[in-house]
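Work through the exercises below with the sequence and the 3D structure open. Try each task before reading its solution.

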Amino acid sequence: MTLHSSIESALDAVPDDGQHALVACAVYPALHTLVFSNLHRLHMVDSFVMPTHNMVLASNGAARPATVASHPAPTRLIPAGTEIREVLSNSQAAIDCAEGRVEGCITTIVAAENHGLRVVRDFGAVPMVFTVHQVLAVDVESDRLVAAGAAL
């Protein structure tokens, strides 16, 4: 298993040989775009439900952080009137908070603890759907024709 900073970067890195798969969180904001832009090379083959680690609003000290880093999906957990800085993952949100780029973050309890952050609010575990996408073996000539057609 290899972790990537985004589903898009994972798709770019995985060979088109039919032997690899991507696992994506169903609430990933651009999942629909990824799926429909890659029908020629991705095939959804399975899904499963698994709870996340507890989702938390954490801070690097502030009781009411003014700026909060978050992946786009859980931004509704951020208090109204707070400046939001979108990042690629819950882990990156915790890193940005720990490094002082923002005062708070929406992340997992595990990431908050790993980075020494203070939990301001614990939202609990979230039952989450994950999708499994097989990366199909792609005929290079067919792939080029699809790309050329999209450019027209």
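**Exercise 1. A residue in a loop**

In which loop does Arg41 lie, and is Arg41 buried or exposed? Note that the model is a predicted one.

Solution.
1. Locate the residue: Arg41 sits in the loop that runs between helix 2 (31-37) and strand 2 (42-51).
2. Apply the cut-off: a residue is buried under 20% relative accessible area. Arg41 has 11%, and is therefore buried.
3. List the contacts, leaving aside neighbours within four places in sequence: Arg41 touches Leu11, Val14, Asp16, Gln134, Val135, Leu136 and Val138.

**Exercise 2. The sheet of three strands**

Give the strand order of the open sheet of three strands, and state how its strands pair.

Solution.
1. The order is 1-8-2, and the pairing is antiparallel.
2. Strand 1 (20-25) and strand 2 are the edge strands, each pairing on one side only.
3. From one strand to the next, the twist averages 25°.
4. Strand 1 and strand 8 (residues 127-135) run antiparallel and are joined by six bridges. For a check on the register, find Leu22: its bridge partner in strand 8 is His133.

**Exercise 3. The sheet of five strands**

Give the strand order of the open sheet of five strands, and state its kind of pairing.

Solution.
1. The order reads 5-4-6-3-7, with mixed pairing.
2. The edges are strand 5 (83-86) and strand 7 (118-124), each of which pairs on one side only.
3. The average twist from one strand to the next is 25°.
4. Strand 3 (residues 55-59) runs antiparallel to strand 7, with five bridges between them. One pair to locate is Met55 with its bridge partner in strand 7, Gly124.

**Exercise 4. A helix against the sheet**

Which strands does helix 3 touch, and why do its buried residues lie on the same side?

Solution.
1. Helix 3 (residues 90-98) packs on the five-stranded sheet. It touches strand 3, strand 4 (67-70) and strand 6 (104-108), and its direction makes about 145° with that of strand 6.
2. The buried residues of helix 3 are Ala93, Ala94, Asp96 and Cys97. They lie on the same side of helix 3 because they cover an arc of only 165° around the axis.
3. The background is that an α-helix has 3.6 residues a turn, so residues three or four places apart point the same way.
4. The cover over these buried residues includes strand 3, strand 4, strand 6 and helix 4 (109-114).
5. Just past the end of helix 3, Gly100 takes a positive phi of about 80°.

**Exercise 5. The nonpolar cores**

Which residues have the most contacts inside the largest nonpolar core?

Solution.
1. This core has 13 residues, and those with the most contacts inside it are Ala58, Ala69, Cys105 and Leu117.
2. Strand 3, helix 3 and helix 4 each give two or more residues to this core.
3. Take Ala58 as the example. Beyond its neighbours within four places in sequence, its contacts include Cys97, Cys105, Ala112, Leu117, Val119 and Val120.
4. Another core, of twelve residues, lies apart from the largest one; among its members are Ala10, Val14, Tyr28 and Leu31.

**Exercise 6. The whole chain**

How many helices and strands does the chain have, and what share of its residues is buried?

Solution.
1. The count is five helices and eight strands.
2. Of the 152 residues, 35% are buried.
3. The chain exposes about 8900 Å², with carbon and sulfur atoms supplying 56% of it.

How values were computed
Residues numbered from 1 in each chain as written. Predicted model: local features only at pLDDT ≥ 70, side-chain atom pairs only at ≥ 80, totals over all residues. Heavy atoms only, no water. Pairing = 2+ DSSP bridges. Helix = DSSP H or I, 4+ residues; strand = E, 2+ residues; numbered from the N terminus. Axes fitted to C-alpha atoms, helices over the stretch in contact; angles between N-to-C directions. Contact = heavy atoms within 4.5 Å. Buried < 20%, exposed > 50% of the residue type's maximum accessible area, 1.4 Å probe, protein only. Arc of directions from axis to C-beta. Core = buried A, V, L, I, M, F, W, Y, C linked by side-chain atoms within 4.5 Å. Areas by Shrake-Rupley, 256 points an atom, 1.4 Å probe, with all protein chains shown as cover.
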